[in-house]
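The exercises below are meant to be worked with the sequence and the coordinates side by side. Each one sets a task and then follows the reasoning step by step.

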Amino acid sequence: MNKTYLSYNNIVSSIGFDSPTVVQNIRKGVSGITLIEDVNLFPTPFYASVINSNSISEAFEQLGSNDEYTRLEQMMIISLDKTLKESGVKLTDRVGLILSTTKGNIDTLDPKHPMPPERAYLGTLGHIIKNYFGFTTEPVVLSNACVSGVLAISIAKRFIAQGTFDQVFIVGSDIVSSFILSGFNSFQAMSSLPCKPYCKHRSGINIGEVAASVLVSKDQDNLVPEAVEVLGEASCNDANHISGPSRTGEGLYRSIQSAFKEAKVGPEDIDYISAHGTATSFNDEMEAIALNRLDLGRVPLNSLKGYFGHTLGGSGLLETIIGMHSLYHNTLYSSMGFTELGVSQPINVITETTSGNLDYFLKTASGFGGCNTAAVFKKVQS
Amino acid sequence: MKVQQLKIKAYCSIFNNKVMLNDQLLFENQETDFSSFIKLAYKNMDTNYPKFFKMDDLSKLGFLAADILLKPLTTDSERANNIALAFSNSASSLETDRKHQDSIVDKENYFPSPAIFVYTLPNICLGEISIRHKLYSENSFFIFNHFNAGYLYDYATCLINTGKADEVLCGWINRDTDDYEAFLYLVSTEGSITHNKEEIIKLYTTK
């Protein structure tokens with residue numbers, strides 16, 4: 001079977017518009033989460049990771065487009081433009097496009113939005129991105145809650161294995177919107193302070209926004225130094241509840257087990273876990289249980305939500321890209337916001353950025369609908 | 001990778017106020033709107049799952065179509081079924097998204113509800129099906145402007161041939177302003193219909 005690699009990549013976020021800058025800021029302990037006062041987004045001040053609108057406009061203007069694009073489309077285009085140009089890949093019928101998003105242009109449903117509400121159709125978003133860059137294949141839009149970003153990598157790998165494509169570009173993004181903030185607030189899931197994944201003092205999530213993009217390829221010749229091989233991946237449902245995680249972590253446990261089987265690795269091979277860690281009470285506890293059922297409690301782990309908030313459809317892709325750079329730099333980045341273990345099972349949360357020899361990492365995600373995904377990646381460069 | 005000729009074991013559609021299983025009409029009522037029709041269909045199918053009434057329209061539609069196909073496989077079954085779900089549509093969860101949006105548009109009359117918000121994701125329907133049939137399997141929800149038989153064919157084939165799933169329940173469930181449509185088919189190693197793009201399109205267009 002073909003090997004599959006993750007290569008060229010980009011992150012557009014509140015702490016930088018390219019992956020190296022973002023990683024450098026994480027190393028320095030810079031978080032993008034700030035107190036936002038914007039009554040158009042939420043009635044009271046709230047903590048979130050929001051990208052400066054002027055920075056988006058400036059970066060987008062440099063691309064020289066005269067057409068009107070939404071905030072989300074501009075973020076996606078800025079990110080994918082960099083990844084695509086750097087890769088030098090020609091857009092033939094062997095190259096696919098996957099968009100990972102939960103809500104797309106959901107802000108256009110607001111009657112005050114200058115764009116028509118029809119812009120909220122996710123298929124339309126797919127075609128806008130396709131047409132901007134001139135992809136010749138039909139875009140695949142994946143909307144599978146908070147696992148979308150990791151699942152998109154699995155789906156790209158399968159389309160390559162099946163011979164549908166040789167290379168796939170994935171772009172993942174969601175924006176901070178009144179729609180999302182009001183919804184998570186109605187669940188009483190939002191933290192009134194910067195989020196603290198796995199910590200005893202955690203009190204919920206912060207919402208964030210990014211656009212992240214990556215080239216998935218079977219071609220070993222066109223890889224960046226931080227490239228990784230996708231060794232195994234799996235996605236399993238909890239079959240338990242639509243809005244709460246399984247108390248036993250069943251779906252996550254099965255996802256990791258199945259990803260390990262395909263990757264032919266065991267818990268002892270994993271050097272680092274890039275976990276989901278939303279900082280809600282139930283999610284973090286569920287992860288600790290699932291990881292311990294797999295004997296992964298000692299593996300260094302972080303949640304990157306303390307830097308970016310929960311970026312929904314972008315999060316899995318964003319966090320996988322940071323994981324690639326973590327392996328490349330042989331560095332474990334501190335799990336922002338964590339001070340004291342607040343889950344019932346032992347897990348090894350990274351409290352200080354440290355060096356170490358890293359070859360394999362596990363990425364996990366879980367989301368509404370009871371979905372979970374896991375993927376194992378291996379460093380390519382020796 | 002094991003490469004084998006896969007089959008379509010069964011298919012179901014809910015469309016134009018009719019419920020069809022393979023080429024057999026199970027239920028029809030032309031007198032009602034979607035909301036009443038789907039409840040009548042639920043009763044007629046002896047579904048017996050009270051949580052159905054809490055679901056949004058998209059989940060009701062997908063749940064009922066899936067239940068008709070999966071019930072014979074998962075009822076009284078001791079063994080775990082590794083049946084993956086690969087669904088698609090064009091309107092995502094927009095019909096419910098609009099309801100949530102209506103609840104937040106007026107700051108003086110602001111009433112967002114978690115019972116509505118949770119259904120503003122299309123994959124919630126897959127979660128409902130997974131709970132009902134105890135499926136600890138893979139779920140994915142794709143959005144295309146139109147039914148895309150080619151991508152669904154490739155995806156289901158890969159899931160079975162790489163051992164990720166034993167069977168895949170695929171299809172299209174869409175709910176938009178004045179419109180609804182469900183067409184699901186079960187890809188398996190058993191069955192009488194060849195699993196290929198042409199057959200999928202034929203079954204979809206003649207539903």
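Two strands are taken to pair if DSSP finds at least two bridges between them. The model is a predicted one, and the solutions should be read with that in mind.

**Exercise 1.** Determine which strands pair with strand β6 of chain B, and in which sense.

*Solution.* Begin with strand β4 (residues 83-89) of chain B, which pairs with β6(B) in the parallel sense over six bridges; within this pairing, B:Ser88 lies opposite B:Trp172 of β6(B). Next take strand β7 (residues 179-188) of chain B, which runs antiparallel to β6(B) and is joined to it by nine bridges. In that second pairing B:Leu169 has B:Leu186 of β7(B) as its bridge partner, and the connection from β6(B) to β7(B) is a hairpin of two residues.

**Exercise 2.** Decide whether β6(B) is largely enclosed or not, and give the reason.

*Solution.* A residue counts as buried if 20 or more other C-beta atoms lie within 10 Å of its own. By that criterion nine of the 10 residues of β6(B) (residues 167-176) are buried, and the strand is therefore largely enclosed by the rest of the structure.

**Exercise 3.** Describe how helix α5 of chain A packs against helix α10 of chain A.

*Solution.* Two packed helices are described by the angle between their axes and the distance between the axes. For α5(A) (residues 148-161) and α10(A) (residues 315-328), the axes come within 5 Å and cross at roughly 75°. Angles of 65 to 115 degrees count as roughly perpendicular, and α5(A) is therefore roughly perpendicular to α10(A). The residues that meet are A:Ser148, A:Gly149, A:Val150, A:Ala152 and A:Ile153 from α5(A), and A:Ser315, A:Gly316, A:Leu317, A:Leu318 and A:Thr320 from α10(A). Sorted by class, this contact holds five nonpolar, five polar and no charged residues.

**Exercise 4.** Identify the domains of chain A and characterise the side of domain 1 of chain A that touches domain 2 of chain A.

*Solution.* The domain assignment divides chain A into domain 1 (5-217) and domain 2 (228-379), whose centres, taken over C-alpha atoms, are separated by 20 Å. In the contact between them, 56 residues of domain 1 of chain A meet 55 residues of domain 2 of chain A. On the side of domain 1, α5(A) gives the most, with eight residues, and the residues of that side divide into 28 nonpolar, 21 polar and seven charged.

**Exercise 5.** Establish how chain A meets chain B, and which strands pair across the two chains.

*Solution.* The contact involves 46 residues of chain A and 46 residues of chain B. The elements that give two or more residues to the side of chain A are α4 (122-133), β5 (140-142), α5, α6 (178-186) and α7 (250-263) of chain A, and the residues of that side comprise 23 nonpolar, 18 polar and five charged. Across the chains, β5(A) pairs with strand β5 (residues 139-143) of chain B in the antiparallel sense over two bridges, with A:Val141 opposite B:Ile143.

**Exercise 6.** Locate A:Lys264 and B:Lys134, and state the phi of each.

*Solution.* A:Lys264, in the loop between α7 and β10 (272-274) of chain A, has a positive phi near 55° and is exposed, with 10 other C-beta atoms within 10 Å. B:Lys134, in the loop between α5 (124-133) and β5 of chain B, has a positive phi of about 50° and counts as partly exposed, with 14 C-beta neighbours inside 10 Å.

Conventions: Residues are numbered from 1 along each chain as its sequence is written. Chains are lettered from A and ligands numbered from 1 in the order in which they are written. This is a predicted model: local features need pLDDT of at least 70, side-chain atom pairs count only at pLDDT 80 or more; totals for chains, interfaces and linings use all residues. A residue is buried if 20 or more other C-beta atoms lie within 10 Å of its own, exposed if 12 or fewer, and partly exposed in between; C-beta atoms are placed from the backbone. Helices (H or I, at least four residues) and strands (E, at least two) are DSSP runs, numbered from the N terminus. Axes are lines fitted to C-alpha atoms, for helices over the stretch in contact, and angles run from 0 to 180 degrees between N-to-C directions. Angles under 35 degrees count as roughly parallel, over 145 as roughly antiparallel, 65 to 115 as roughly perpendicular and the rest as oblique. Two residues are in contact if their C-beta atoms, placed from the backbone, lie within 7 Å. Ala, Val, Leu, Ile, Met, Phe, Trp, Tyr, Cys and Pro count as nonpolar, Asp, Glu, Lys and Arg as charged, and the others, Gly among them, as polar. Domain bounds come from an automatic or database domain assignment.
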